[in-house]
Amino acid sequence: MFFTTPTDGTTLAYEDYGTGTPIVFVAGWSLPTDMWERQTPFFLEQGYRCVLLDRRGHGRSDRPSAGYDTDTRADDLAALIEHLDLRDAILVAHSTGGAEVVRYLARHGADRVSRIALLGAAIPFMRQTEDNPIGVPDELIDATLADLRADRAQWLADRAQGYYATHLGTRVSPATIDIEMRRSMSCSPIAALEIQRLAFRTDHRADVAAVPVPMLLLHGVADQSIPIDLSSRQTVKLAPDAELKEYPNAGHGLYQSHADRVNADILAFIKA
């Protein structure tokens, strides 16, 4: 299914399954809605409506040359929620999707949202500055962007095992790793570069401090993509009503490597 955004006429793809209280799934950087294949069937079986968005430049959505800033991506999420007239929605997001969710709340309020669950979220602020000395230095951000420009496939391959923390014994098959890399490569290269740049350079501290609904943070202690010390351990200090659950042997791909626990933790949070 598709709809057109009111901001610039971009056509976005989405999936809509089931009935009941809606859960809107927001994918991580470079990934389409297919990343949620371990979550969607589970929550459908629990009686929830599952709505999944392919952000611009991803999956089956349009691949425009612009509009990858955080505000526009948050407005795209708002457009989907309003297009379907969702109420009391639970927003579940991974990685940079978490940044879009908190920016959505900052720009559009929580009239349609009851709570949010964020996995390995790229918030509150990843860049090293004078008032954020533990952040990532600009030279490392620039080096990552240069590597992505030079050989995105190799960059993903070099990080595939760490993404799932397989060195810590997580059981993720080589086939799953291969499929997830292919999904990431399906993203527009323009979208991949711009969103990666913004993920590390956008300050979401004010957004996080103003989140008006309960927030669940799930984060792998071994996350090499979004280190927990820079992100969720800082977020839980800033957010008015947040709970952090740490996964000791999980990486960034905990939605697959630890799917059963992730699903159970989100379900308990929804029902609390």
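# Briefing: helices, sheet and selected loops

Helix 4 and helix 5 cross in a right-handed manner. The model described here is predicted. Its 8 strands make up an open sheet with mixed pairing, and helix 2 packs on that sheet. The points below treat the helix pair, the sheet, strand 7 and several loop residues in turn.

**The pair formed by helix 4 and helix 5**

- Two packed helices are described by the angle between their axes and the distance between the axes.
- Helix 4 covers residues 138–164 and helix 5 covers residues 174–185. Their axes come within 10 Å and cross at roughly 135°.
- Angles over 145 degrees count as roughly antiparallel and those from 65 to 115 as roughly perpendicular; helix 4 and helix 5 are therefore oblique to each other.
- On the side of helix 4, the contact is made by Arg 152, Ala 153, Leu 156, Ala 157, Ala 160, Gln 161 and Tyr 164. On the side of helix 5, the residues met are Thr 176, Ile 177, Glu 180, Met 181, Ser 184 and Met 185.
- The residues of this contact between helix 4 and helix 5 comprise 8 nonpolar, 3 polar and 2 charged.
- Ala 165 is found in the loop between helix 4 and helix 5. Its phi is positive, at about 55°, although Ala 165 is not a glycine.
- Ala 165 has a relative accessible area of 0% and is therefore buried, the cut-off for buried being under 20%.

**The sheet and the helix packed on it**

- Strands of a sheet pair through backbone hydrogen bonds, either parallel or antiparallel.
- In this sheet the strand order is 1-2-4-3-5-6-7-8.
- Strand 1 (2–4) and strand 8 (242–247) stand at the edges. Each has a single partner strand, so one side of each has no neighbour in the sheet.
- From one strand to the next, the twist averages 20°.
- Strand 3 (residues 22–26) and strand 4 (residues 49–54) run parallel and are joined by 5 bridges. Val 24 has Val 51 in strand 4 as its bridge partner.
- Helix 2 (residues 70–83) touches strand 1, strand 2 (11–17), strand 3, strand 4 and strand 5 (89–94). The direction of helix 2 makes about 115° with that of strand 1.

**Strand 7 and its partners**

- In a regular strand the side chains alternate between the two faces of the sheet.
- Along strand 7, Met 215, Leu 217 and His 219 point one way, while Leu 216, Leu 218 and Gly 220 point the other way.
- Strand 7 (residues 215–220) has 6 of its 6 residues buried, so this strand is largely enclosed by the rest of the structure.
- Strand 6 (residues 113–119) runs parallel to strand 7, and 4 bridges join them. Leu 118 stands opposite Leu 217 in strand 7.
- Strand 7 also pairs with strand 8, in the parallel sense, over 6 bridges. Here Met 215 has Ala 242 in strand 8 opposite it.

**Loop residues with a cis bond or a positive phi**

- Most residues other than glycine have a negative phi, and most peptide bonds are trans.
- The peptide bond that joins Ile 123 and Pro 124 is cis, with omega about 5°. Pro 124 lies in the loop between strand 6 and helix 4.
- Asp 85 has a positive phi of about 50°, although it is not a glycine. The loop that holds Asp 85 runs between helix 2 and strand 5.
- With a relative accessible area of 43%, Asp 85 is partly exposed.

**His 204 and Asp 241**

- His 204 belongs to the loop between helix 6 (189–201) and helix 7 (205–209). Its relative accessibility is 1%, so His 204 counts as buried.
- Leaving aside residues up to four places away in sequence, His 204 touches Thr 70, Ala 99, Val 102, Arg 103, Ala 122, Ile 123 and Pro 124. Among them are Ile 123 and Pro 124, the two residues joined by the cis peptide bond.
- Asp 241 lies in the loop between helix 8 (232–238) and strand 8. At 44% relative accessible area, Asp 241 is partly exposed.
- Apart from residues up to four places away in sequence, Asp 241 touches Val 213, Pro 214 and Met 215. Met 215 is one of the buried residues of strand 7.
- Asp 241 and Asp 111 are 130 residues apart in sequence; in space, their C-alpha atoms are 17 Å apart.

Key:
Residues numbered from 1 in each chain as written. Predicted model: local features only at pLDDT ≥ 70, side-chain atom pairs only at ≥ 80, totals over all residues. Heavy atoms only, no water. Axes fitted to C-alpha atoms, helices over the stretch in contact; angles between N-to-C directions. Helix = DSSP H or I, 4+ residues; strand = E, 2+ residues; numbered from the N terminus. Parallel < 35°, antiparallel > 145°, perpendicular 65-115°, else oblique. Left-handed = near helix turned anticlockwise from the far one by under 90°. Contact = heavy atoms within 4.5 Å. Nonpolar A, V, L, I, M, F, W, Y, C, P; charged D, E, K, R; others polar. Pairing = 2+ DSSP bridges. Buried < 20%, exposed > 50% of the residue type's maximum accessible area, 1.4 Å probe, protein only.
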